[in-house]
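Here is a short report on a protein model. It covers strand pairing, the nonpolar core, aromatic rings and charged pairs.

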Amino acid sequence: MRKIFTKIWLIALLFCGAVNAQSLIYYNAFSNGESTWRNFDDQLSNVRIENGKYYLTHKQHISSVVAQEVQVDYSRNFAIQTTMSHVAGGTNFPAGLAFFGQDALNTYFFCITATGSFQVGKFDRGQTSALINWTPSPAILQGNASNKLRIEKLQDRNKFYINGVQVGE
């Protein structure tokens, strides 16, 4: 069994409002018994909340999407942010955030690998296309380090940050 943090879309913080004056509309600390994220175990993966973290363990060499729907007023400015870590297993598998999604087959994503690359893309009826191709970035702390991903939606623009460094728009 491999532990790989792969295409897990964790939306831990979601802010609405101007960049400087924000109000929190969603937060999840992944506390046992208090989280709306679910634990499950199937033939492809095991997902569980443990010690304030959300773990995804892959049982096969395949991607998993785990999501929590949050209602957002897309006419407003907002930011989505999470902190994530690669725990064990293959280091070239992506993990990140999904946003502007209708469902797991129709959404945008911002993800990184433990080897130091990021991508912004979209799933359209399950087909993947890149908006920003895989790009190495010194902003990514490699290996098992924690990395903070942030997406800021400002009017009609989206800005992408890794550990406070803007890596795309």
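## Strands and pairing

Strands E7 and E8 run antiparallel and are joined by six bridges. This is a predicted model. The link between E7 and E8 is a hairpin through two residues. Within this pairing, Ala95 stands opposite Ile112 in E8. Strand E7 covers residues 95–103, and strand E8 covers 106–112.

A further sheet is open and has three strands, in the order E3-E4-E5. Its pairing is antiparallel. E3 (40–41) and E5 are the edge strands, each pairing on one side only. Between E3 and E4, which run antiparallel, there are two bridges. Asp41 stands opposite Asn46 in E4.

## The nonpolar core

The largest nonpolar core holds 28 residues. Which residues have the most contacts inside it? They are Phe110, Phe118, Phe160, Ile162 and Val167. Eight strands are easiest to list by name: E4 (45–50), E5 (53–58), E6 (78–85), E7, E8, E9, E11 and E12 (157–162) each give two or more residues to this core. In soluble globular proteins, nonpolar side chains tend to be buried together.

Two of the core residues just named can be checked by accessibility. Phe110 is buried, with a relative accessible area of 0%. Phe118 is buried too, at 2%. Both values are under 20%, so both residues count as buried.

Phe118 has a long contact list once neighbours within four places in sequence are set aside. Among its partners are Phe110, Cys111 and Ile112. Ile132, Asn133, Trp134 and Thr135 also touch Phe118. Ser137, Ile140, Ile162 and Val167 complete the list.

Ser117 lies in strand E9, which spans residues 117–124. Is Ser117 buried or exposed? Ser117 is buried, because its relative accessible area of 17% is under the 20% limit. With neighbours within four places left aside, Ser117 contacts Cys111, Ile112, Trp134, Thr135, Pro136 and Ile140. Cys111, Ile112, Trp134, Thr135 and Ile140 are on the contact lists of both Ser117 and Phe118.

## Aromatic rings

How many aromatic pairs are there? The count comes to eight. One of them is Phe100 with Tyr108, an edge-to-face pair. Their ring centres are 6.2 Å apart, and the planes meet at 85°. Phe100 is partly exposed, at 27% relative accessibility. Tyr108 is partly exposed as well, at 29%. Phe110 and Phe118 also pair: their centres lie 6.3 Å apart and their planes are at 85°, so this pair is edge-to-face. Here both partners are buried, Phe110 at 0% and Phe118 at 2%.

Ring pairs also build a cluster. Its members are Phe78, Phe99, Phe100, Tyr108, Phe110, Phe118 and Phe160. Phe110, Phe118 and Phe160 in this cluster are also listed among the core residues with the most contacts.

## Charged pairs

Four salt bridges are found in the whole structure. The table gives three of them.

| Salt bridge | N to O distance |
|---|---|
| Arg48 and Glu50 | 3.0 Å |
| Arg125 and Asp124 | 3.5 Å |
| Arg150 and Glu152 | 2.9 Å |

The surroundings of these pairs can be read from accessibility. Glu50, the partner of Arg48, is partly exposed at 32%. In the bridge between Arg125 and Asp124, Arg125 is exposed, with 65% relative accessibility. Asp124 is partly exposed, at 32%. Arg125 counts as exposed because 65% is over 50%.

What is the burial state of Glu152 and Arg150? Both are buried. Arg150 sits in strand E11, residues 146–154. Its relative accessible area is 15%, which is under 20%, so Arg150 counts as buried. Besides the salt bridge with Glu152, the side chain of Arg150 makes a polar contact with the side chain of Gln81, at 2.7 Å. Strand E11, where Arg150 is found, also gives two or more residues to the largest nonpolar core.

Technical notes. Residues numbered from 1 in each chain as written. Predicted model: local features only at pLDDT ≥ 70, side-chain atom pairs only at ≥ 80, totals over all residues. Heavy atoms only, no water. Helix = DSSP H or I, 4+ residues; strand = E, 2+ residues; numbered from the N terminus. Buried < 20%, exposed > 50% of the residue type's maximum accessible area, 1.4 Å probe, protein only. Polar contact = N/O pair within 3.5 Å; in protein donor to acceptor, adjacent residues only side chain to side chain. Contact = heavy atoms within 4.5 Å. Phe/Tyr/Trp six-rings, centres within 6.5 Å; stacked < 30°, edge-to-face > 60°. Core = buried A, V, L, I, M, F, W, Y, C linked by side-chain atoms within 4.5 Å. Salt bridge = Lys/Arg side-chain N within 4 Å of Asp/Glu carboxyl O. Pairing = 2+ DSSP bridges.
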